Structure formats: C-alpha cells, structure tokens
Amino acid sequence: MEEIETGYEVVVGTYEETLLGYKLVSNGSGYDLKQSFTSHGHAGCIKSVAVSPNKYLVSGSTDETIHIYNLNARTEHGSLLQHSGTITSVSFFTNSHMLSSSEDGTICIWRPSTWECVKILKGHKGAVNCVAIHPCGKLALSVGKDRTLRTWDLAQGKAAFVINLKVAADFVQWSPSGDLYVVAQLTTLDIYKVETGQVFCTYDFKLVINTAVFISDSLLAVGGECCDLHIYSISKQHCLGTFKAHDSRVKALSRVTSLDSDNESWLVSASSDGHLKTWKVEIENDQMAARLSLVADVNTASRLTCLTVINRKSVGNGVKPLKDARKRSKRRADTRIETGPEKGSTLLEMESKKSPELTETEPKKSPELTETEYKKSPELTETEPKKGPKVLGHGTKRKMSAKVMEKQQKTRKQPKDIKFKVKF
C-alpha cells in the first residue's frame with residue numbers, strides 16, 4: 001500500500017546528543033511513524049526543542065548552545081552562543097520572537113529574522129527551569145531553582161511580580177486560551193486562574209511529574225516517573241483515567257489535532273524506553289471517563305528527553321534530510337519573504353513606544369522605506385531594507401543620509417550584556 005504523508009512530523013531530542021525526526025504517514029489501514037532525519041550537531045544531552053510557524057526548528061542542550069535548523073531547506077542554519085549554562089527551555093511566539101531559558105539564570109529574547117538577542121531578562125537567583133509565553137505574547141511566566149514563579153511584562157521587557165513557592169517548580173505551561181496556567185512541583189500540579197492569580201485546584205500525581213500538556217482548557221494529560229499517562233479533568237477536578245503507555249518513565253507530551261476529526265485530539269508521547277507513540281483521546285460521559293487508543297508507535301532505540309510536533313503544511317513540503325551547515329563551503333542566501341506577526345502580536349513593544357502598532361522589524365506604513373517589499377494584508381514582512389541599518393534605535397525608522405548612517409553606525413554603542421554569535 002502506498003504511504004501518504006499526513007503533514008505531521010515529530011522531532012525528538014535524546015540523551016545520546018542526537019535530534020531525530022519522524023514523519024506520520026498513512027498506510028491505508030492506519031498510521032506509521034517513518035524516520036525522516038538524524039542530526040548529531042550537539043555535544044550534550046538535548047533538553048528542549050521547539051518549532052516556529054514558518055520554517056525554523058531550534059534545540060537546546062547541556063552543551064550550552066541553541067542549534068537552528070531551516071526546515072524549508074532542510075539544513076542546519078547555525079548556533080546561538082549567548083547562554084553560559086545548560087539550555088532548559090526554548091519556545092516561539094508566532095514568527096516574531098523566540099524565548100530561551102538557561103541554568104545561567106537568564107532568559108533571552110531572540111528575533112528570528114536576524115537571530116539577534118534583543119533583550120536579556122534577569123531576576124532569578126539561580127537556574128531558570130522553564131519559561132512559557134502567554135498566547136497573546138504580552139506576558140511570560142518562568143520558574144527556577146530559587147523557588148519563585150515570575151511574571152514578565154514583555155511589552156516593557158521587565159519583571160511584573162514574583163510569587164514565592166514552597167518547592168522549586170520544574171515547569172510552567174499556559175492553557176490554550178491563556179485563562180489558566182499549571183505549575184509542576186515534584187509530585188503535584190497547581191492550576192492557577194489568571195483572573196485571581198490564585199491556585200484553582202491541585203492534582204497529586206503521587207510520583208515526580210516530568211511533563212504535562214493541555215488537551216483543552218478543561219483537560220490535562222500528565223506523565224512522570226512511571227509507565228502511565230493520566231487524563232485529568234480540571235472542570236470536574238477528577239482523574240478520568242490512568243493508562244499504561246510505556247515501559248519506562250514518560251518524558252514528554254504534545255497535543256495535536258486529530259487527522260480523523262477537527263473536534264478530536266491526539267497525544268504524542270516520548271519515553272526513556274525509546275518508544276515514540278501517538279494516541280487517540282476519547283472523552284466519554286460528559287468528562288467522567290476517558291479512553292486512549294494507540295495510533296502509531298516506533299522504537300527509536302534512544303533515550304528520549306523532549307519532543308515537538310511540526311505541521312509541515314505550514315513550513316513547506318521538503319523531504320530532504322537535514323544537512324550539516326559546516327559541510328557546505330558557501331551559505332546560500334535565502335530570498336524568501338517571511339510574513340511577520342499580525343498587528344498587536346509583537347512581544348517587545350518597547351522598541352516602538354510612540355506607536356504601539358509598530359513591530360520590531362518594520363513599521364506597517366512608511367513611504368520612505370521603498371526598498372522593503374510589503375504585502376497588501378496587514379501582516380508585516382521580515383525582509384530587511386537593502387539600504388541603511390535595520391534598527392536605528394528604540395523609535396521608528398527615520399530617513400537619513402548615507403554619511404549620517406555611517407557615522408551613527410561607528411559611534412553607536414551596543415549593550416555590553418547582549419552578545420550574538422553564530423557559528424557555521
């Protein structure tokens with residue numbers, strides 16, 4: 001039977017320092033996971049992976065680097081060397097920004113169009129275990145070994161407030177709507193309401209929790225230091241079911257829309273037993289019971305640590321294996337025009353305080369910037385103008401002569417705590 005690609009591709013990180021890709025394909029009677037690529041770019045255990053909506057895949061490792069991959073060209077794009085500790089989490093907000101956290105106690109905000117570190121958030125007195133971006137892009141939450149939960153105002157680029165925890169939290173995650181967030185502390189999950197800032201309910205998993213994911217605003221899937229997956233109803237405050245999913249601890253979970261129905265959800269799970277599995281989630285009796293059925297399974301023969309799911313329909317249909325950028329003598333210029341975030345979705349509005357509708361990359365309307373190509377839609381492009389510096393400061397762009405531009409480029413000082421290096 002001919003195999004048909006579904007558009008989903010799962011990427012997993014491993015203890016063995018490798019990044020593995022698997023395509024979910026239809027075989028007529030069901031689904032299979034077929035390996036699509038292997039990358040050996042890191043020199044340490046891979047701790048986190050994330051994918052942007054347009055084309056970039058990033059991975060963070062104990063080797064203190066973030067590796068970037070171009071999914072359209074299927075090549076390694078470069079490495080980010082800003083952090084001086086293990087990379088604990090990476091996450092994207094649309095195509096406009098990426099956040100990374102590290103054991104060096106900092107959170108970095110990156111602009112993927114240039115891979116410049118535009119802001120470093122400092123506040124944690126110790127390692128940052130996880131950072132999560134609110135769906136609106138204006139807030140972020142972080143937890144660290146200093147036993148604090150910190151809220152960051154990304155519009156101003158500074159801390160908003162701090163909550164002291166009794167135990168250091170391992171990770172934090174927002175619900176799809178952004179009305180709830182969950183904080184994992186050893187064996188318990190505290191679920192907070194944003195409107196009150198207080199714990200709404202607590203779920204005791206009994207064992208150390210490694211991962212959790214919102215299936216919906218009212219349902220959570222939880223995995224930890226055991227073979228089981230738990231489905232928990234937030235609205236009912238009741239565990240709907242416990243299912244033996246693996247032969248070892250569950251390390252990572254991700255939720256995707258079912259290919260059979262837009263109203264159904266699938267779960268993707270990764271375990272230290274080396275198996276990567278896809279599950280169909282069925283909720284019965286008005287959220288009083290749940291059922292999991294296996295959709296696809298593959299033995300990667302590696303100890304899996306993290307995962308992300310790529311919707312390849314949104315990042316191109318290339319099927320070539322990833323290539324190491326260091327093996328190429330020349331880097332090809334990317335001539336594609338990338339569509340930027342919609343109006344109001346910018347993370348760092350502090351770079352355009354005078355006009356909140358301006359993004360960090362380009363103003364929506366500027367007759368002076370004739371070299372940049374715009375579409376008719378309100379979305380912005382990430383293409384740089386052919387002449388002049390990309391950003392002249394924290395205000396909007398101004399038209400200047402070539403001599404003034406050259407003088408400002410020579411005299412303008414960059415912040416000492418922001419470094420940007422890309423190694424090929």
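These legends go with a handful of close-up views of a predicted model.

**View 1. How sure is the predictor about this chain?**
Let's start with confidence, since this is a predicted model. Averaged over the chain, pLDDT comes out at 79, and 73% of the residues score at least 70. Residues 316–321 are a weak spot, with pLDDT below 50, and this stretch has 12 contacts in the model beyond near neighbours in sequence. Another such stretch is residues 349–401, where pLDDT stays under 50 and the model has 107 contacts beyond four places in sequence. Where pLDDT is low, the predicted coordinates should not be read in detail.

**View 2. An open sheet of 4 strands, in the order E16-E17-E18-E19.**
The pairing here is antiparallel. Strand E16 (171–174) sits at one edge and strand E19 (199–204) is the other edge strand, each of them pairing on one side only. Going from one strand to the next, the twist averages 20°. Look at where E16 meets strand E17 (residues 180–185): the two run antiparallel and share 4 bridges. To pick out a bridge by eye, find Trp174, whose bridge partner in E17 is Tyr181.

**View 3. Three rings, Tyr56, Phe92 and Trp115, joined into a cluster.**
The model has 6 aromatic pairs. In one of them, the rings of Tyr56 and Trp115 have centres 5.3 Å apart, with 75° between their planes, so this pair is edge-to-face. Tyr56 belongs to strand E5 (residues 56–61), while Trp115 is in the loop between strand E10 (106–111) and strand E11 (116–122), so the pair ties together parts 59 residues apart in sequence. Are these two rings' residues buried or exposed? Tyr56 has a relative accessible area of just 4%, so it is buried, and Trp115 is buried too, at 3%.

Trp115 also has a ring partner in Phe92: this pair is edge-to-face as well, at 6.5 Å centre to centre and 75° between the planes. Here again the pair links distant parts of the chain, with Phe92 in strand E8 (residues 87–93) and Trp115 in the loop between E10 and E11, 23 residues apart. Phe92 comes in at 15% relative accessibility and counts as buried, because the cut-off is under 20%.

**View 4. His42, a buried residue in a loop.**
Follow the chain from strand E3 (31–39) to strand E4 (46–51), and you'll find His42 in the loop between them. Its relative accessibility is 5%, so His42 counts as buried. What does the His42 side chain make a polar contact with? The partner is the side chain of Ser59, at 2.7 Å. Setting aside residues up to four places away in sequence, His42 touches Glu17, Ser59, Gly60, Ser61, Asp63, Thr65 and His67.

**View 5. Thr88 and its surroundings in strand E8.**
Strand E8, home to Phe92 from the ring cluster, also holds Thr88. With a relative accessible area of 14%, Thr88 is buried. The Thr88 side chain makes a polar contact with the side chain of Ser101, at 2.7 Å. Beyond its neighbours within four places in sequence, Thr88 is in contact with several residues, including Ser48, Ser101, Ser102 and Glu103. Also among them are Val128, Asn129 and Cys130.

Note on methods:
Residues are numbered from 1 along each chain as its sequence is written. This is a predicted model: local features need pLDDT of at least 70, side-chain atom pairs count only at pLDDT 80 or more; totals for chains, interfaces and linings use all residues. Side-chain values use heavy atoms; hydrogens and water are left out. Two strands pair if DSSP finds at least two bridges between them. Axes are lines fitted to C-alpha atoms, for helices over the stretch in contact, and angles run from 0 to 180 degrees between N-to-C directions. pLDDT is the predictor's confidence in each residue, from 0 to 100. Contact means heavy atoms within 4.5 Å. Buried means under 20% relative accessible area, exposed over 50%, partly exposed in between (1.4 Å probe, protein chains only). A polar contact is a pair of N or O atoms within 3.5 Å; within protein, one must be able to donate a hydrogen and the other to accept it, and residues adjacent in sequence count only if both atoms are side-chain atoms. Rings of Phe, Tyr and Trp (its six-membered ring) pair if their centres lie within 6.5 Å; planes under 30 degrees apart count as stacked, over 60 as edge-to-face and the rest as tilted.
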